[in-house]
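Here are a few exercises to work through with the model open beside you. Try each task before you read its solution.

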Amino acid sequence: MSTSALDIGTLGLLLGYLLLLFPLAFILFYRVKLLKPLTISVVRLTVQLLLVGLYLQLVFKLNAWWLNILWLVVMLAVADVSLVNSSRLKLRPFLFPIFVSLAIGTGIPLVYLLGVILRLPNLMDARYFIPVAGMILGNSLRADIVGLSTFYSSLHTGEKSYLLALSQGAALKEAVRPFLQKAYTASLAPTIATMATIGIVSLPGMMTGIILGGTDPFVAIKYQIAIMMAIFSGTAVAVILGILLTLKTSFDRFGVLDPEVLK
């Protein structure tokens with residue numbers, strides 16, 4: 001078995017962009033208003049990944065713990081802003097609690113996976129630390145967007161039932177429980193569905209990448225199982241903390257949702 005994946009040359013990479021002709025044809029034919037956002041996203045994807053690739057070469061070469069932590073903080077900060085904006089919430093009240101929830105939701109399974117499961121002698125080894133943190137954080141980000149937007153939008157539309165619960169003597173956490181349950185279910189359901197179909201419907205990126213790198217498929221499968229457990233655990237923690245930690249900044253002292261926190 002080959003010990004490394006085949007390199008994609010510059011010409012091959014450029015040919016990859018030709019795959020966009022299919023969606024572009026449909027967008028133009030049906031006049032779907034996605035041409036501008038698609039163009040911006042493709043340009044951003046290309047520039048960001050090329051810059052990150054150059055940066056990661058340096059990070060992997062130096063393999064300094066402080067540089068790895070700094071990169072994780074940058075990842076968390078970018079994810080934090082993106083999450084709040086995508087959830088249609090105001091930035092100021094949510095930035096810090098969401099950052100904390102993402103940091104805890106990423107940190108706990110990350111340390112457990114690297115230290116307990118893989119038993120790495122150096123938990124800050126950039127080759128493991130950064131990619132695994134990125135996978136956990138990326139999945140937590142998607143789930144958190146669904147969870148936060150569902151929680152606050154359902155609270156906004158179901159304000160009468162929520163206020164009724166408050167008027168009947170329910171505490172804030174008791175009154176929001178039905179909305180929290182709905183948001184938690186919506187945020188975790190996609191990950192649960194993904195876990196149920198992995199290996200049959202899809203081969204995940206991490207598993208495929210390890211196999212392409214020359215690793216035995218069964219070793220790749222064990223890695224994928226471990227990372228899925230870490231991803232789901234981190235997602236579950238980040239979503240629930242993301243909601244609970246924002247309660248203090250989203251409601252007034254009477255338990256009424258502050259309309260200023262919603263965009």
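**Exercise 1: the turn after H4**

H4 is followed by Arg 88, whose phi is positive, near 60°. Keep in mind that this is a predicted model. Task: find where Arg 88 sits and decide whether Arg 88 is buried or exposed.

Solution. Start with the location: Arg 88 lies in the loop between H4 and H5. Next, look at the residue type, since Arg 88 takes its positive phi although it is not a glycine. Finally, check the accessibility: the cut-off for exposed is over 50%, and Arg 88 has 65% relative accessibility, so it counts as exposed.

Now try Leu 89, which is found in the loop between H4 and H5 too. Its relative accessible area is 1%, so Leu 89 is buried. What does Leu 89 touch, leaving aside neighbours within four places in sequence? Its contacts are Val 84, Phe 94, Leu 148, Tyr 152, Val 261, Leu 262 and Lys 263. Take Val 261 from that list: 172 residues separate it from Leu 89 along the chain, yet their C-alpha atoms are 5.8 Å apart.

**Exercise 2: checking helix lengths**

Task: test whether the end-to-end distance of H4 agrees with its residue count.

Solution. H4 has 22 residues, and at 1.5 Å a residue it should span 32 Å. The distance between its end C-alpha atoms is 31 Å, which agrees. Do the sum again for H3: its 28 residues should span 40 Å, and the end C-alpha atoms are indeed 40 Å apart. Just after H3 comes Asn 63, with a positive phi of about 50°.

To finish with H4, which helices do its buried residues pack against? They pack against H3, H5 and H6. Among those buried residues are Trp 71, Leu 76, Ala 79, Asp 80 and Leu 83.

**Exercise 3: into the core**

Task: name the residues with the most contacts inside the largest nonpolar core, and say which helix gives the largest share of it.

Solution. The largest nonpolar core counts 57 residues, and those with the most contacts inside it are Leu 102, Phe 151, Tyr 152, Tyr 162 and Ile 227. At least two core residues come from each of H3, H4, H5, H6, H7, H9, H10 and H11. H6 gives the largest share, with 14 residues. Now zoom in on Leu 102: not counting residues up to four places away in sequence, it touches Leu 76, Ala 79, Asp 80, Leu 83, Leu 137, Ser 140, Asp 144 and Ala 238.

**Exercise 4: a patch on the outside**

In soluble globular proteins, nonpolar side chains tend to be buried together. Task: find which residues form a nonpolar patch on the surface.

Solution. The patch is formed by Leu 19, Phe 22, Phe 26, Phe 29, Tyr 30, Val 32 and Leu 34, with about 840 Å² of accessible area together. Pick Phe 29 as a test case: it belongs to helix H2, residues 21-29. With 63% relative accessibility, Phe 29 counts as exposed.

**Exercise 5: stepping back**

Task: count the helices and strands, then describe the chain overall.

Solution. The chain holds 12 helices and 0 strands. Its C-alpha trace spans about 70 × 55 × 35 Å along the principal axes. Of the 263 residues, 32% are buried. Last, take the contacts between residues at least 6 apart in sequence: 72% of them join residues at least 24 apart.

Notes
Residues are numbered from 1 along each chain as its sequence is written. This is a predicted model: local features need pLDDT of at least 70, side-chain atom pairs count only at pLDDT 80 or more; totals for chains, interfaces and linings use all residues. Side-chain values use heavy atoms; hydrogens and water are left out. A nonpolar core is a set of buried Ala, Val, Leu, Ile, Met, Phe, Trp, Tyr and Cys residues joined through side-chain atoms within 4.5 Å. Buried means under 20% relative accessible area, exposed over 50%, partly exposed in between (1.4 Å probe, protein chains only). Helices (H or I, at least four residues) and strands (E, at least two) are DSSP runs, numbered from the N terminus. Contact means heavy atoms within 4.5 Å. Patches are made of residues with over 30% relative accessible area and no salt bridge: like charges are joined within 9 Å, nonpolar side chains (Val, Leu, Ile, Met, Phe, Trp, Tyr) within 5 Å. Accessible areas come from the Shrake-Rupley method with a 1.4 Å probe; for residues, only the protein chains shown count as cover. A salt bridge is a side-chain nitrogen of Lys or Arg within 4 Å of a carboxyl oxygen of Asp or Glu. The expected span of a helix is 1.5 Å times one less than its number of residues.
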